[in-house]
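Visitor: I would like a close look at one part of this protein. Please take me through the pocket and the helices around it.

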Amino acid sequence: MKLLRPTLLTLACLLGQPAIANDLPSLGDSSSGIVSPEQEHQLGRAWLSLLRGQVPQLSDPQLKEFLERSVYRLAETSQLQDRRLEFVLLDSKELNAFAAPGGIIGVNGGLFLHAETEAEYASVLAHELAHLSQRHFARGLEAQKRMQLPLMAAMLAGVVAAAAGAGDAGIAAIVSSQAAAIQAQRRFSRQNEQEADRIGIVNLERAGYDPRAMPQMFGRLMRQYRYDQKPPEFLLTHPVTESRIADTKNRAEQYANGGVEDSLRYQLMRARTDLKFETTPGLSAKRFRAMLSDDENLDAARYGLALAQIKSGQLEEAASNLKTLLAKEPDEVAYNLAQIELDITGNRLTPARERTQRLLSLYPGSYPVRQTHIDLLMKEGKQKEAEQELDKLVSARPKDPDIWYQVAEIRGLTGNIVGLHEGRAEYFALVGDYDQAIEQLDFAKRRSGNFQTAARIDARQQQLRDEKRMIEEMLR
């Protein structure tokens, strides 16, 4: 039986701006009296499972890895103490990004389209990390002590609704009457926004980026949506004003020039995202050709054109463009993975295998490379080997529902029926369907052949029941 699966994508953040390193606020313990950091962590994971089960996500390993690495790069120089981060990349071309308690970073795919440089993209993430490091959710509750943890959970349910779009009946059921009572509290206060801007700019510069990217991003967004009756959700929750732009610009100008503004890798990710949201690859190909006609050295445009040509079956043209790119950067992961995709599409499995092995030797920990290796093994009919590699990958990424979905599928193909049901259970738990997860473990237990396996499954079932009970209590 094939699982019903939302397309996954993985999430990031908004905009930041600080002034001077010694001008940072120091948090006391008062906010912990309302919601402790551990409660925030548990609540954030519970909310993430609800979000994953309700909102379509992007499953592209390259985009997911880029998002994760860029956030961790910023986290290293941030004031964030608890760095147990989780990410969700939403399948939407609209501009939005958000942070939720417990280290949850959410990003719409549209952020890649709207942020024209890597520094602009990083400025959004830096802002969101500042919201997390300063615990603005918990401090907001502290300011209104009548609000309890269930109300905080209800507020986050409202964020799920905003991320998914209006009118979804399933999400409407999640958003309780409590959420309506605190709808106005969903938006960060002006003071919190200013603080996140200020701290975000500090962190942006510390991480090696040009802090001027933040006011640049703000300014372009304000000009672009100034007269729109319905601006993107990001601007509704993070209003941009002339004074905010001026303030961030003044703070950014305090730093010396020389920070990173852009990178080829970021532009390659933008090209991939462009194709994700285009209705037909031919339209993207036309756009990339126009860019190359203006400047034939735009490697990101050539890369996007090659991907579009692979999707539309123009394999010889794609090969020509990839040859040009690989001659410049023979070790670039994105180019090599595109060449492997081209070879697999053309049923040239031997060169695809050789190139994959070379990439594994160069980048043994790369999620996209390991995923491509697994896909190739499946194409070659080596299901047992693919299962072994997936077991290793899921050990490295145990909270990734994309991978658990694959684990369940391949275990079914190899006849590992107990493992199939266990894999399904983990997938369903990660997308918030605990009833299905517990039921899948019942199926696994019936097929288990020994006491040790049954005992392990029993223990995992109890963990899932406890998690389900915790979520129900939070949302009650």
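Guide: What follows covers the largest pocket, then the helix packing around it. Keep in mind that this is a predicted model.

Start with the space itself. The largest pocket holds about 600 Å³. Its lining counts 24 residues. Nearest the centre lie Asp60, Pro61, Arg272, Glu341 and Asp375. By class, the lining has 10 nonpolar, five polar and nine charged residues.

Which helices supply at least two residues each of that lining? They are helix 2 (61–76), helix 13 (264–277), helix 15, helix 17, helix 19 (367–379) and helix 21 (401–413). Several of these also take part in the helix pairs below.

Take helix 15 (residues 299–311) and helix 17 (residues 333–345). Their axes come within 10 Å and cross at roughly 20 degrees. An angle under 35 degrees counts as roughly parallel, so helix 15 and helix 17 are roughly parallel to each other. Helix 15 passes helix 17 in a left-handed crossing. On the helix 15 side, the contact uses Asp299, Tyr303, Leu307 and Ile310. Helix 17 answers with Ala334, Tyr335, Ala338, Glu341, Leu342 and Thr345. That contact comprises seven nonpolar, one polar and two charged residues. Note Glu341. This residue is part of the contact with helix 15, and it is also listed among those nearest the pocket centre.

Helix 17 has another partner, helix 19. The two pack at an angle of about 10 degrees, with their axes 11 Å apart. Helix 17 is therefore roughly parallel to helix 19. Here helix 17 uses Val333, Leu337, Ile340 and Ile344. They meet Pro368, Val369, Thr372, Leu376 and Lys379 of helix 19. The contact divides into seven nonpolar residues, one polar and one charged. Asp375, within the span given for helix 19, is among the residues nearest the pocket centre.

Now follow helix 21, which also helps line the pocket. Its packing partner is helix 22 (residues 417–430). The two axes come within 8 Å and cross at roughly 160 degrees. Over 145 degrees counts as roughly antiparallel, so helix 21 and helix 22 are roughly antiparallel to each other. Their crossing is left-handed. From helix 21 come Pro401, Trp404, Tyr405, Ala408, Arg411 and Gly412. From helix 22 come Gly419, Leu420, Glu422, Gly423, Arg424, Glu426, Tyr427 and Leu430. This contact has seven nonpolar, three polar and four charged residues.

Key
Residues are numbered from 1 along each chain as its sequence is written. This is a predicted model: local features need pLDDT of at least 70, side-chain atom pairs count only at pLDDT 80 or more; totals for chains, interfaces and linings use all residues. Side-chain values use heavy atoms; hydrogens and water are left out. Axes are lines fitted to C-alpha atoms, for helices over the stretch in contact, and angles run from 0 to 180 degrees between N-to-C directions. Helices (H or I, at least four residues) and strands (E, at least two) are DSSP runs, numbered from the N terminus. Angles under 35 degrees count as roughly parallel, over 145 as roughly antiparallel, 65 to 115 as roughly perpendicular and the rest as oblique. A crossing is left-handed if the near helix is turned anticlockwise from the far one by less than a right angle, and right-handed if clockwise. Contact means heavy atoms within 4.5 Å. Ala, Val, Leu, Ile, Met, Phe, Trp, Tyr, Cys and Pro count as nonpolar, Asp, Glu, Lys and Arg as charged, and the others, Gly among them, as polar. On a 1 Å grid over the protein atoms alone, a cavity is a set of points where a 1.4 Å probe fits but cannot get out, and a pocket is an open set with protein on both sides within 12 Å along at least five of seven lines; lining residues have an atom within 4 Å of a point. Grid points are joined across faces, edges and corners, and a volume is the space filled by probe spheres set on the points.
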